[in-house]
Amino acid sequence: MNFYTTEKKIRPELFDSEAKQWANRLKHVSKAQFRRVYDEIKRLERKTQGKTDWEEVLPFVKMQKSKISYTVTRAKQKLPRKDDDKRKSYDELKSFIFEGVEAVKSSKDYEVFCQFFEAVYGFHYEIAPEK
């Protein structure tokens, strides 16, 4: 996942076409589950605001990978084996978080990742089917 242009500016398509593509890949993740993951990412963002030492925050950012691994595994255990679309969407959610966390190297990166997640969340809410 790449947030910036070569000039270190946020890529415009990140919050538009790329966010919509991710939302399509995640459309079978339940809205409630997606909201819980989003809330956790935003909770950490609030926790990081005002922190001057990024090194104190980085371990908690990296911990998001273990949290999403747990969340996805639990969600998939509850799905019928034949529900491949939903299973694939949950695997994509894990990939989304892993790729995003790996791309984060600074507090500014985390802020951009959170904004990107917000864009994906908005498109997901529109695209995801109702129960």
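Which residues lie nearest the centre of the second largest pocket? I kept this question at the head of the page while I went through the model, which is a predicted one.

**Entry 1: the chain as a whole**

I began with the secondary structure and found six helices and zero strands in the protein chain, so that, read along the sequence, the pattern is α-α-α-α-α-α. I then looked up the overall dimensions, and the C-alpha atoms fill a box of roughly 45 × 30 × 20 Å along the principal axes. For 131 residues a compact globule would have a radius of gyration near 14 Å, and because the protein chain has 15 Å, I noted that the two agree. I also wrote down that buried residues make up 42% of the 131 residues. Among the contacts with a separation of 6 or more, 74% are accounted for by residues 24 or more positions apart.

**Entry 2: helix α1**

Next I turned to α1, residues 17-25, where I found E18, A19, W22 and A23 to be buried. Seen down the axis of α1, these buried residues fall within an arc of 140°, and therefore they line one face of the helix. When I asked what covers them, I found that the cover includes α5 (84-103) and α6 (107-127).

**Entry 3: helix α3**

I repeated the search for α3, residues 54-62, and listed W54, V57, L58 and V61 as its buried residues. They cover an arc of only 115° around the axis, which puts them on the same side of α3. As for their partners, the buried residues of α3 pack against α2, α4, α5 and α6.

**Entry 4: back to the pocket**

I returned at last to my opening question, and the residues nearest the centre of the second largest pocket are Q33, V37, K67, I68 and T71, out of 14 that line this pocket. About 190 Å³ of space lies in it. Which helices each supply at least two residues of the lining? I found that α2 (31-48) and α4 (64-77) both do so, and that α4 gives the largest share, seven residues. Sorting the lining by class, I counted six nonpolar, three polar and five charged residues.

Technical notes
Residues numbered from 1 in each chain as written. Predicted model: local features only at pLDDT ≥ 70, side-chain atom pairs only at ≥ 80, totals over all residues. Heavy atoms only, no water. 1 Å grid on protein atoms, 1.4 Å probe; cavity = no way out; pocket = protein on both sides within 12 Å on 5 of 7 lines; lining within 4 Å. Points joined across faces, edges and corners; volume = space filled by probe spheres on them. Helix = DSSP H or I, 4+ residues; strand = E, 2+ residues; numbered from the N terminus. Nonpolar A, V, L, I, M, F, W, Y, C, P; charged D, E, K, R; others polar. Buried < 20%, exposed > 50% of the residue type's maximum accessible area, 1.4 Å probe, protein only. Arc of directions from axis to C-beta. Contact = heavy atoms within 4.5 Å. Rg over C-alpha atoms; globule rule 2.2 N^0.38 Å.
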